[in-house]
Amino acid sequence: MQTVPRPVRNISFLTETVITDQDGLVEMFIAANAGMGSTLLKGKSQRSHNHILEKTATVKGITLETLLAETVVLLPDSHLIIKMDVEGAEYMILNHDWKALCRAVKVHGVHVSMMLELHGKRKIGQSDDLEAFYRENILGKLTECGVHVAMDSFSLGGGRRYHV
C-alpha cells in the first residue's frame with residue numbers, strides 16, 4: 001500500500017443518522033453530560049453517570065451493510081477503515097452485519113481494518129446482544145475472514161488496547 005497522500009474524492013456526511021441493526025427511524029438517548037456519550041441503548045442510559053438524560057431524539061437508523069452499499073466504493077486492494085465507538089450498540093451492529101464486512105474482504109478484495117471499543121455489562125447492563133456476540137464468537141468470525149480488528153475495551157482491562 002502506498003503511503004503517499006492521495007486526494008479525497010468522495011466524502012459523505014450523514015447527519016442525524018446512526019449505525020444500527022435496522023434501516024429506519026430509531027430512538028436515541030441524548031446525554032445531559034457530554035462525556036457520558038449518547039446511546040441507542042436505554043439500559044445503558046439508565047446506568048450512566050447520575051442517570052441523567054437530557055432528551056431523546058428520533059433519528060435515521062442505517063445498517064452497516066446499507067452504509068457500505070450506499071456510500072463506499074468497494075474496489076479490489078482498497079482499504080476500508082472503520083472506527084466504532086457506539087456506546088454499547090456495537091454488539092447489536094456487529095451481530096447483524098459482520099457478514100457484510102467479510103463480504104467486502106472475500107468478494108471485493110478490500111482490506112478492512114476496524115478499531116473497536118467494546119463496553120461490557122458493567123457499563124451497559126444486561127444485554128442479549130452482548131451475550132450473543134460472545135456466544136456466536138463474532139470477533140473470531142471477523143478475524144477468520146480477514147478483517148483486522150484492534151480493540152480498546154474498558155470492560156476487558158481498564159482501557160488497555162488489545163489487538164485481535
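**View 1. Tyr 134 is a partly exposed member of an aromatic cluster.** Tyr 134 has a relative accessible area of 40%, so it counts as partly exposed (buried is under 20%, exposed over 50%, and partly exposed lies in between, with a 1.4 Å probe and protein chains only). Its neighbour in the pair, Phe 133, is buried at 1%. The ring centres of Phe 133 and Tyr 134 are 5.1 Å apart and their planes stand at 90°, which makes the pair edge-to-face. Rings of Phe, Tyr and Trp (the six-membered ring of Trp) count as a pair if their centres lie within 6.5 Å; planes under 30 degrees apart are stacked, over 60 edge-to-face, and the rest tilted. Please keep in mind that this is a predicted model, in which local features need pLDDT of at least 70 and side-chain atom pairs count only at pLDDT 80 or more, while totals for chains, interfaces and linings use all residues. Residues are numbered from 1 along each chain as its sequence is written, and side-chain values use heavy atoms, with hydrogens and water left out.

**View 2. Tyr 91 meets Tyr 134 in a tilted pair.** A search of the whole structure gives three aromatic pairs. In the one formed by Tyr 91 and Tyr 134, the centres are 6.1 Å apart and the planes make an angle of 50°. This pair links distant parts of the chain, with Tyr 91 in helix H3 (residues 90-106) and Tyr 134 in helix H5 (residues 128-135), 43 residues apart. Helices (H or I, at least four residues) and strands (E, at least two) are DSSP runs numbered from the N terminus. Tyr 91 is buried, at 0% relative accessibility. Ring pairs join Tyr 91, Phe 133 and Tyr 134 into a cluster.

**View 3. Cys 102 and Cys 145 form a disulfide.** How many disulfides does a search of the whole structure find? There is one, and its sulfur atoms, from Cys 102 and Cys 145, are 2.0 Å apart (the cut-off for a disulfide is a pair of cysteine sulfur atoms within 2.5 Å). The link is left-handed, with -80° about the S-S bond. Cys 102 sits in helix H3, and Cys 145 in the loop between helix H6 (138-144) and strand E6 (148-153), 43 residues apart. Both ends are buried: Cys 102 at 8% relative accessibility and Cys 145 at 10%.

**View 4. Glu 65 and Arg 103 share a salt bridge.** The structure has four salt bridges, each a side-chain nitrogen of Lys or Arg within 4 Å of a carboxyl oxygen of Asp or Glu. Between Glu 65 and Arg 103 the N to O distance is 2.5 Å. Glu 65 belongs to helix H2 (residues 64-71) and Arg 103 to helix H3, 38 residues apart. Glu 65 is partly exposed at 36%, and Arg 103 is partly exposed at 36%.

**View 5. Lys 121 and Glu 131 form a salt bridge between two helices.** Their closest N and O atoms are 3.6 Å apart. Lys 121 lies in helix H4 (residues 121-124) and Glu 131 in helix H5, so the pair ties together parts ten residues apart in sequence. Lys 121 is partly exposed at 41%, as is Glu 131 at 28%.

**View 6. Glu 136 and Lys 141 belong to a salt-bridge network.** The side chains of Glu 136 and Lys 141 meet at 3.9 Å, N to O. Glu 136 is partly exposed at 37%, and Lys 141 is partly exposed at 28%. Salt bridges with shared partners join Arg 135, Glu 136 and Lys 141 into one network.
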